[in-house]
Amino acid sequence: MTQFVRNAWYVAAWSSEIDDQLRRFTILGDHIVIFRKSDGTVAALEDRCPHRLLPLSKGKRIGDTVQCGYHGLTFDASTGMCTRVPGQTNLPKSAYVERYPTEERHGIVWIWMGEAAKADTSKIFDMPEFTAPGWAVHLGDALHLKSNYLNVAENLVDPAHISFVHPTTLGSSASENVPVHVSTEGEAIVAWRWIRDAPPVGFFKAVGDFPGNVDRWHYYYLYTPCTAVIDFGSIDVAENCAEEDRDRGMRIFALHFLTPVTETHTIDRWAHIRNSALEDDEAAARMDVMFRKAFAEDQEILEAVQEEELRPQKRRPLRIAIDKGPLVYRKRINDLLELERTEDIASDPSPAFVYHD
Amino acid sequence: MTQFVRNAWYVAAWSSEIDDQLRRFTILGDHIVIFRKSDGTVAALEDRCPHRLLPLSKGKRIGDTVQCGYHGLTFDASTGMCTRVPGQTNLPKSAYVERYPTEERHGIVWIWMGEAAKADTSKIFDMPEFTAPGWAVHLGDALHLKSNYLNVAENLVDPAHISFVHPTTLGSSASENVPVHVSTEGEAIVAWRWIRDAPPVGFFKAVGDFPGNVDRWHYYYLYTPCTAVIDFGSIDVAENCAEEDRDRGMRIFALHFLTPVTETHTIDRWAHIRNSALEDDEAAARMDVMFRKAFAEDQEILEAVQEEELRPQKRRPLRIAIDKGPLVYRKRINDLLELERTEDIASDPSPAFVYHD
Amino acid sequence: MTQFVRNAWYVAAWSSEIDDQLRRFTILGDHIVIFRKSDGTVAALEDRCPHRLLPLSKGKRIGDTVQCGYHGLTFDASTGMCTRVPGQTNLPKSAYVERYPTEERHGIVWIWMGEAAKADTSKIFDMPEFTAPGWAVHLGDALHLKSNYLNVAENLVDPAHISFVHPTTLGSSASENVPVHVSTEGEAIVAWRWIRDAPPVGFFKAVGDFPGNVDRWHYYYLYTPCTAVIDFGSIDVAENCAEEDRDRGMRIFALHFLTPVTETHTIDRWAHIRNSALEDDEAAARMDVMFRKAFAEDQEILEAVQEEELRPQKRRPLRIAIDKGPLVYRKRINDLLELERTEDIASDPSPAFVYHD
């Protein structure tokens, strides 16, 4: 069974998905009721009354409280504490629901799934292009994938698959044998390659206007646990573009915010930031068409892989050279899980046993 | 896992659901084939041939026997004993199916799910208003609820929920803080309250004709394991009605006969007995509309609660003042289950160990 | 849980089901990709890439290799060995998929599900009437049954059920009490009976032309694990036909090739060989109508039996005289399973313990 990294910020929703209605979201297997308070900020509470377990999302919002739809127990949206138990005047200590810290930025609602005391908003993923001049931000869909988040994340640090999974959109057979570089940059795992002097791939035929061959790049940045940025683009081969001058070409950051729903269900909220056609909504729509086509290709693969993973396995899976990025990712996730499992021990000042030499 | 109380009478069906066809019913997890014999009485047999396990309901009735549809083994409807094995002349001892005692009263077919020797028809639920003059009996629907019977039964000894679950039908916010009384009367657990001098609730607006405020009562009688009677009604506030004079008002007994199907599926066959509009089928139909609306409100709650109960629980559920009735019910059920588990021990004349002082 | 006999030939498909496309079949719980190679012979490989487990059937055929649709690993159709790993030049030892021996005969594709070294094509079921003059072969449907293969096979060595399950097609009540003979002939279990001097049953009314009563025979041959031949026919009672002279009548071999898909799903590919109306496709079509009707009757029974077998059972099933054939079959299957479980032990030249007298 996969474990989830809990001390982390996850994307709960696009801002546009949240309003003053009580809405249920499922994240890391927890049911959570999310809504906007009267001041417009986002509240997130455990979606289960501690009395008879009815989801609070079946109840109703009364000001900045939520009233359970079964017996009227009422909870404060900010603290989760019970403020009323009909039929009695005292409030039992255990009358509360968990509340989850949230933070809203650039049209994205983040939620902290771990210990509230550790929630540090400075750790939320950000990049200057969200607000810098010369860049356009476009939020896309919430793609539901019946696959474990680890499989989905691996796919996002894996340039090698695009030659085979996306031959008419993001890749082409020209790249089948072009080596992939992998490194780490702080919290990011980076896998990248340039395909030089080849015809533009389907995506850039659809949204670009290149007269002949291009240099094309793919840089995959994967941030644990669940954020990926794919910096990809093309530039006329005659421009002789250096690796660090990618802004000179048609450059697109494809963003993927993964939300693990259950062991076998992940939402991929995808968006892009581009340096071309800044005011052109039509251009964004044309890109969305290509993205949807490419991500449907991933979906078929990822869901089939998930089904097979659930069946009996007679052999250890084979690992090959192109798996470098995914392997570093899995190791980082395991280290985070191990840290969460053992941090209570580490903080214990009186060890139960002592080693002697 | 819930256990079922087996030494008890349950409602198998309305009489109108049973005819001379072989029909399968599932009660306490048992598949049972039920049909009328040539004398019109109801037979109930284990719905599984002991040979190759084919349900007998897939076979055919031949007189007062049932012939299996696979190899023709034939069973007597009254005793369950095999009367024919094609291809041989002897009848093996183990060639039989279980038979269940049944009893039909007031258009209701009761079935005994425990040891046949303990079936005592004098224990079947009855009330004089079924046949007394001045009362009209009206049988309603068989409502399928994807919820454990304990959750459904609790709901039927819980006047507090109606303010929140049924605000436009059976209750109103006027009753939110009116205290609930709970007591026991023999085999019944009783929870009740009067809401004095308030506007009539939706139900009585639809079926009554009150000019102004009314006194309204709800008496919930829950008989273990699975029968509930809700005595509710309204009377013009000017009548100054005493608690014991409820017949003077518009009085309705809502009856609920719960049949546990499986751990997570219960049938609620509901009916009512009323002291008004005795010959008026239109009035009964108007009441059914209101009942169906109210019970659909319960259904949404009870099925959501069931789903949550099946998920992992991190905390013990909270119990509050209004849970008195449900808590007494759960205790009585547990006592009955314990009795069934231990009665074989109690009847053992030679104990394996003896206490000494 | 049922175990499957693995060292055996099973029917994978009719020849007409296999072409040059990659198609997934599930046999004994294994997913297998089957297709024709460029020389027309049939390849069968484990349908799962050893790298990221994507089914190879989601990839593409390139000549006589299969390329995985995720990262392009390529496997030889004849050997299952990996011939290419994009991104690297070496081929890891564990880069292979299992391959299954196959053999095609009379329009039927057989597959060997056990150790490849033991695959002996001389053990494949055959009968001279497939090619002998005076006989017409007609392949029917692939009938999917949601039932364990043991239940399906038992039904095919069980003449007693036809009086009850097929009273209007293959049987009639005239045979209810006619005894069944059971014997073994080499690998076959044989159950048979003659019903003398009775009206023709529905099947022979539809496809024969008998003026009056007939002698009718049913010989059920069941070959372990999964092939059945039912030799049945009718002849005018005036012909006074001896048992060994069945060719004189209207004789039909109904063939059933069972393919266990999972524990609870079996495919029955049925066919017939007849000695009448040899060139008459209309006659074959009329027979198919009757077969489909009769097999739908079996399907209802077998799927209901399977459902009951999965439920808790309080008693040991009853066994009766007509079960002789099925009981011999179950014993033979158990012996084969025991043999497969213990053959590794038997081949061990240095026993771990030694008995002394």
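A residue is called buried here when its relative accessible area is under 20%, and with that in mind I would like to introduce chain A, which is a predicted model. Of the 357 residues in chain A, 54% are buried by that cut-off. The chain holds 17 strands along with 5 helices, and its C-alpha trace, taken along the principal axes, spans about 80 × 65 × 40 Å.

Let me turn to the contacts within the chain. If we take those between residues at least 6 apart in sequence, then 59% of them join residues that are at least 24 apart.

On the outside, chain A exposes about 15,700 Å², and carbon and sulfur atoms supply 51% of that area. As for charge, there are 39 positive and 54 negative charges in chain A, and the mean positions of these two sets are 6 Å apart.

Now to the domains. Chain A is divided into domain 1, covering 9-121, and domain 2, covering 127-332, and the contact between them takes 15 residues from domain 1 of chain A and 17 residues from domain 2 of chain A. The C-alpha centres of the two domains lie 34 Å apart.

How much area is buried between domain 1 and domain 2 of chain A? The figure is about 1,200 Å², and carbon and sulfur atoms give 69% of it. Which residues of domain 1 of chain A lose the most area to domain 2? They are Y10(A), W14(A) and H106(A), which together account for 47% of what the domain 1 side buries.

Methods. Residues numbered from 1 in each chain as written. Chains lettered and ligands numbered in written order. Predicted model: local features only at pLDDT ≥ 70, side-chain atom pairs only at ≥ 80, totals over all residues. Heavy atoms only, no water. Helix = DSSP H or I, 4+ residues; strand = E, 2+ residues; numbered from the N terminus. Buried < 20%, exposed > 50% of the residue type's maximum accessible area, 1.4 Å probe, protein only. Contact = heavy atoms within 4.5 Å. Areas by Shrake-Rupley, 256 points an atom, 1.4 Å probe, with all protein chains shown as cover. Lys, Arg positive; Asp, Glu negative; His and termini not counted. Charge placed at Lys NZ, Arg CZ, Asp CG, Glu CD. Domains from an automatic or database assignment. Buried area = accessible area lost by both parts, 1.4 Å probe.
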